[in-house]
Structure formats: C-alpha cells, structure tokens
Amino acid sequence: MELTSDFFQQTSKVFTVGELTRAISGTLETKFGAVWVQGEISNYKLHPSGHQYFTLKDQRAQIGCVIWRDAIAPPRQPLVDGTQVQVYGAVTVFEARGQYQLNIQILQPRGVGLLQAKFETLKRKLQAEGLFAPDRKRPLPKFPRRIGIVTSPTGAAIRDMLNVLRRRAPWLQILINPVRVQGTGAAQEIAVAIRELASPNEAFTPLDLIVVTRGGGSIEDLWEFNEEIVARAIFNSTVPIVSAVGHEIDFTICDFVADLRAATPSAAAEVIVPDVVDLRRQIDGCERAVSRELIKRLRDAQQGLDHARETLQRCLAHKIDSYKRGLLHITAALQARSPARELMMRRNRFADLHRRLVASPSRLLENARHRFRHIEGILRVLGPDATLRRGYSITLDERGKIIRTIAAVRPKMKIRTRVSDGEFGSEIL
C-alpha cells in the first residue's frame with residue numbers, strides 16, 4: 001500500500017500503530033527494494049547471537065543497519081567505528097521500534113568500487129541458478145568447419161584471431177556478426193548477435209562453434225560482458241561458446257557462463273582449431289606407422305605363405321608315396337589273383353579230379369552203393385511205413401497235424417487215421 005495525501009483524504013479509517021507501520025514497511029520495500037549505500041560505520045555492536053548492528057552515516061543523515069548471522073562471509077578486516085564502506089541491502093522497517101533499516105547482504109570497503117560489487121552480486125546470483133555449473137558445459141568440436149565470431153569488426157581482437165585462424169586452419173569458414181563491445185546498449189547487441197548465430201537460419205549453414213571476444217581494457221570497458229542479458233544469451237545457446245574477453249588477468253561473467261574461457265582472443269583461436277602444420281605432421285607420422293605395419297603384416301603373411309607351401313608340398317609328397325605304395329600293393333595283389341593264373345589253377349585241379357575219377361571209378365561206385373544200402377536199411381527199420389506195418393497207426397487232425405495227446409481232440413472233431421495200406425476218416429464222439 002502506498003501512503004499518499006490522496007489516500008488519507010479518501011479514507012476515514014483509523015489505523016493502529018501496527019497497521020500503519022506495516023503499511024509504511026510495504027511502501028518502503030516496494031519503492032526501494034535492494035539498494036547500494038555508502039557511508040561511515042558508527043555504534044558497531046556484535047550481538048552474542050552472531051548478528052551485527054551498526055549505524056551508517058554521512059554528514060547529513062544516518063540509517064540503522066543489521067547483518068544477520070551467516071548472511072555474508074566475515075570481512076577480511078574487523079568492522080570498527082569510522083570505517084568507510086559500501087553496502088548492498090534491502091530497505092525494511094523494524095516494526096517494534098518503528099524504525100527503517102538496511103538488511104545488509106554485501107559489505108565491502110568503499111575503495112573497491114561499485115562496479116566490482118555489482119559484478120560479485122550478479123556472479124553469486126547466476127552461480128546459485130546453476131549457470132556456471134561444470135556439468136552443463138559442452139565439449140568443443142575437435143575439427144570445426146564453420147564458426148561464428150561476435151565482436152567489433154574494427155577491433156584488434158578480430159584481427160589477431162583471423163591471423164591465427166588463417167595460419168592454423170585455412171579450411172575454416174568464418175562468419176562475423178559485428179557488434180559494439182562498449183557503451184550504452186552494447187550488451188543488448190551482443191546478446192542479440194549470439195542468439196542470431198545460434199538459431200537455425202536459411203541465410204547460412206549451422207555453425208559448429210561461436211566465439212565472443214574483444215580486446216583488453218578496464219572494468220568499465222569490459223562491463224558489457226558482465227551484463228545479465230549477455231550471460232543468459234550464452235547460457236541459452238544451442239551452439240558451444242568460447243569466451244575470449246580482455247587479457248589473461250581479466251575475468252567477466254561471460255567467461256564463467258561460456259563452455260570454455262580463453263585468456264586472450266589469440267589464445268581462443270589456438271584452442272578452437274588444430275594447427276594444420278601439426279595435423280600434417282601427425283598425418284605423416286600415422287602414414288609412416290601404417291606403412292611400417294603393412295610391411296610387417298605383408299612380411300608375416302609371406303612367411304606364413306611360404307611355411308604353408310612347404311607344409312603342403314611335404315603333405316603332397318607323403319600322399320603320393322602312400323598312393324604309390326598302395327598302387328604297388330594292389331598291382332601285386334591283382335597279379336597274384338589274375339584270371340589266367342586262377343584259370344590255370346582250376347584247370348590243374350579239374351585235371352587232378354578227372355585223373356582220380358578215371359583211375360578208380362569202380363571203387364567209388366561200390367562205396368556209393370554200400371552207403372546207399374546202409375542208409376536204405378536204416379530207413380526201412382526206422383521209417384514210418386515200417387512202424388505202420390508193425391501194427392501202429394498215425395492219427396491226423398483236420399489240418400493234417402499229428403495228434404500226439406488226447407488234449408488235442410474235441411467232440412465231433414473230424415480226424416484221419418493212417419495205417420500201413422491206407423487211410424480212413426473218423427469223428428470223435
């Protein structure tokens with residue numbers, strides 16, 4: 001609520017002290033927020049709780065200040081009355097006493113300067129948001145083909161970079177987005193140029209890398225690269241960004257957000273591209289190493305081929321010898337069992353049998369007759385006809401099978417009985 005004369009004229013409400021104090025507090029905090037103030041410390045007190053209280057004054061006025069415990073890091077030198085300081089804090093109201101005061105968030109000696117204090121404030125803010133986190137930084141391409149440069153087209157930085165880039169990487173395509181690097185509005189130009197190079201565009205092929213650069217100078221000269229708008233443009237870029245602002249001792253917010261910080265513009269040119277001379281030297285070395293390896297492998301392959309040829313020749317010679325021995329063995333076997341020799345042997349055997357048959361035909365016939373009569377006598381005595389003539393008979397079933405036991409017959413079964421002079425049929429009752 002803002003307290004104005006119109007407000008008091010338009011309302012007839014009666015405020016309590018607390019309500020009025022809260023209204024004043026809201027107005028002050030809304031109107032001023034956090035501010036930078038410089039002055040002299042007086043009435044400094046360190047409370048046992050760790051909170052610090054003092055008055056900040058100049059020749060015309062004074063304001064109460066409080067530093068809550070753990071709000072800021074302890075200063076290098078203890079605070080004492082009479083110290084000239086610059087503080088950054090929020091304007092609030094201590095309602096219990098109805099006094100306005102500053103809640104201190106940053107305190108530094110007055111000689112450090114306001115820009116440095118603003119730098120530290122923004123640095124802490126962006127670091128807390130994760131813009132400086134190492135895990136979000138992207139690796140640079142090893143062999144970029146197209147890069148963009150955001151810088152002044154007339155500065156020494158671009159000349160130094162182009163000289164180094166042409167010498168180290170003559171194949172490189174370079175797109176320069178010219179901007180002012182100093183003065184009011186330069187930070188907005190730098191942020192827009194970064195977004196233009198990082199965004200897809202029909203006017204040029206997508207870039208592999210972006211370099212944000214300028215030459216050295218004072219903190220005032222480099223201040224455009226400490227603006228929050230530039231830091232967020234770098235953070236939101238989809239293309240890796242290298243920051244090369246100022247000299248080696250200069251650090252900007254741009255350096256902390258970028259994927260890589262180079263000490264100088266020339267150093268950035270040496271970092272982002274390999275040296276063509278070194279590349280040729282490495283390629284020559286690789287070529288020699290590959291040639292040596294190929295020669296070694298060819299030599300090993302030739303040795304292996306020679307060894308395989310010798311082994312194959314030995315195997316073939318051994319096989320040929322084996323085949324020769326087998327052929328000789330087969331030839332000998334065939335010669336030993338040739339048809340002519342076999343025919344001769346059989347003719348000789350036949351002649352011997354013929355001679356023996358002719359020499360003793362009567363004896364052989366007599367022996368044969370004697371054996372025949374002997375066998376005939378045995379058959380006459382033991383044969384079935386002799387048995388039947390002695391009064392025996394043979395009974396057969398319907399299938400002609402001999403019936404040897406009474407268990408093989410059944411009632412009304414047809415049987416045949418064979419006797420010495422014939423057969424007759426019967427039926428089992």
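Arg232 has a relative accessible area of 27% and is partly exposed, a class between buried (under 20% relative accessible area) and exposed (over 50%), with a 1.4 Å probe and protein chains only. The model is predicted: local features need pLDDT of at least 70, side-chain atom pairs count only at pLDDT 80 or more, and totals for chains, interfaces and linings use all residues. Residues are numbered from 1 along each chain as its sequence is written, and side-chain values use heavy atoms, with hydrogens and water left out.

The whole structure holds 11 salt bridges, each defined as a side-chain nitrogen of Lys or Arg within 4 Å of a carboxyl oxygen of Asp or Glu. Three of them are listed here.

| Acid | Base | N to O |
|---|---|---|
| Glu129, 41% | Arg232, 27% | 2.7 Å |
| Glu189, 29% | Arg180, 38% | 2.8 Å |
| Asp255, 5% | Arg261, 25% | 3.7 Å |

The percentages are relative accessible areas; Asp255 is buried, whereas its partner Arg261 is partly exposed. Salt bridges with shared partners join Lys125, Glu129, Glu228 and Arg232 into one network.

Five strands close into a barrel of mixed pairing, in the order β1-β2-β3-β5-β4. Strands are DSSP runs (E, at least two residues), as are helices (H or I, at least four), numbered from the N terminus; two strands pair if DSSP finds at least two bridges between them. Strands β3 (residues 62–67) and β5 (residues 99–109) run parallel and are joined by three bridges. In one pairing, Gly64 has Gln101 of β5 as its bridge partner.
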